Amino acid sequence: MDLKRLPAVLILGMALLAAANSVCADIFTNLSAVADTALFETDPAHNLGGLRDLPIGVTAGLHDPPLRCRGLVKFDLTQLPTNAVITSAELTVQAVKQSALNSGSVVALHRLLLNWGEGAGSASSTGVPATPGAATWLNRFHPSTPWASPGGAAGLDYVATFSATNLVNGVGTFVFRSSPGLVLDVQTWVNQPETNLGWMLRDLVETTIGSGRRIASRESTGGNAPKLTIQYFLPAEPAPFSLREGGLVGDQFHFSFEAESNSTYTVEVRDSQGAGSWRTLTNIPKQAVSSSIDVSDSVSRDSAFYRVRSP
């Protein structure tokens, strides 16, 4: 191999990607629920998917033993850009009725792990006998796809750790404020739409008799449907960058490029410009500040082609 000819045949490839640290302004969007229903232990084979208000909490037990009610709600996030970075997520619900015994209780939001059917039961406040595919206390999809346990099992049907909580006391507007759990839920659903199965709303302890209340469903009027308010930003388009010309120093070929702060890079090499597999030459870790990175490679072939990628 003629080392004097090497600079002419060693070609620096253009970088394929550049990391973006700048962002555009925050964007807010309000989404209305696209599906909601309640799981009603009082009538475990009933579906309540078409009601204007849904029960949550524990019944008063005036005529029967106190029993649990749990709400399910889901939002369609497909209108958000797939590269949206979520910075805030808040759920707003309207409490429209409550038990006369109710002194308020903490309601928890849990991310659901399994799918369910909304149904359309609406003939009375207790819903109607479920039709095929509708959710009930017993089944995710009536009549033969049960919850892991009636009403849903923590860790199997829904995430055991709540994503957010809120004290609901009286009637009116209640907001589950943004939390790391809510942001993570929404970000996960944006990144992996198939995991968007919604939230379960349940009384945190489910031991307080008469903590039951009703929240407006998506079938309600007057703008009272559950609302998800999301704040996000979109990463700026990557700025292209070029590798700087290099040369031989002894038996090492050198070139450099400008690395942006807080971005990782991979330098790759192959022997032919249009064929062959790229091989990793080195990985560049994140730099605290923008820095000029020098790359070297031992000379042992007639030609080589390099590129730098930022994942």
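**Exercises on a predicted model**

Asn 262 sits in the loop that runs between strand S18 (252–259) and strand S19 (265–270). Strands here are DSSP runs of E with at least two residues, numbered from the N terminus. The model is predicted: local features need pLDDT of at least 70, side-chain atom pairs count only at pLDDT 80 or more, and totals for chains, interfaces and linings use all residues. Residues are numbered from 1 along each chain as its sequence is written, and side-chain values use heavy atoms, with hydrogens and water left out.

**Exercise 1. Backbone angles**

Find the loops that hold Asn 262, Glu 206 and Pro 143, and describe the backbone at each residue.

Solution.
- Start with Asn 262. Its phi is near 60 degrees, a positive value in a residue other than glycine.
- Go to Glu 206, in the loop between strand S14 (199–203) and S15. Phi of Glu 206 is near 55 degrees, again positive in a residue other than glycine.
- Check burial. Glu 206 counts as buried because its relative accessibility is 13%; buried means under 20% relative accessible area, exposed over 50%, partly exposed in between (1.4 Å probe, protein chains only).
- Finish at Pro 143, in the loop between strand S10 (139–141) and strand S11 (145–146). The peptide bond from His 142 to Pro 143 is cis, with omega near 5 degrees.

**Exercise 2. Confidence**

State the mean pLDDT of the protein chain, then examine residues 1–23.

Solution.
- The mean pLDDT is 86, and 88% of the residues reach 70 or more. pLDDT is the predictor's confidence in each residue, from 0 to 100.
- Over residues 1–23 the pLDDT is below 50. Beyond near neighbours in sequence, this stretch has 62 contacts in the model. Contact means heavy atoms within 4.5 Å.

**Exercise 3. Nonpolar cores**

Which residues have the most contacts inside the largest nonpolar core?

Solution.
- Define the set: buried Ala, Val, Leu, Ile, Met, Phe, Trp, Tyr and Cys residues joined through side-chain atoms within 4.5 Å.
- The largest core has 36 residues, and those with the most contacts inside it are Ile 86, Phe 176, Val 186, Trp 199, Leu 201 and Ile 230.
- A second, separate core has 14 residues, including Phe 255, Tyr 265, Val 299 and Val 308.

**Exercise 4. Empty space**

Give the volume of the largest pocket and of the largest cavity, then list what lines each.

Solution.
- Set the terms. On a 1 Å grid over the protein atoms alone, a cavity is a set of points where a 1.4 Å probe fits but cannot get out, and a pocket is an open set with protein on both sides within 12 Å along at least five of seven lines; lining residues have an atom within 4 Å of a point. Grid points are joined across faces, edges and corners, and a volume is the space filled by probe spheres set on the points.
- The largest pocket has a volume of about 450 Å³. Its lining has 22 residues, with Phe 40, Pro 55, Thr 59, Ala 60 and Arg 214 nearest its centre.
- Strand S5 (53–58), strand S7 (85–98) and strand S15 (213–216) each supply at least two residues of this pocket lining.
- The structure holds three cavities of 30 Å³ or more. The largest cavity has a volume of about 60 Å³.
- Residues lining the largest cavity include Asp 36, Leu 72, Leu 201 and Pro 226. S6 gives the most to this lining, with three residues.

Terms used:
Helix = DSSP H or I, 4+ residues; strand = E, 2+ residues; numbered from the N terminus.
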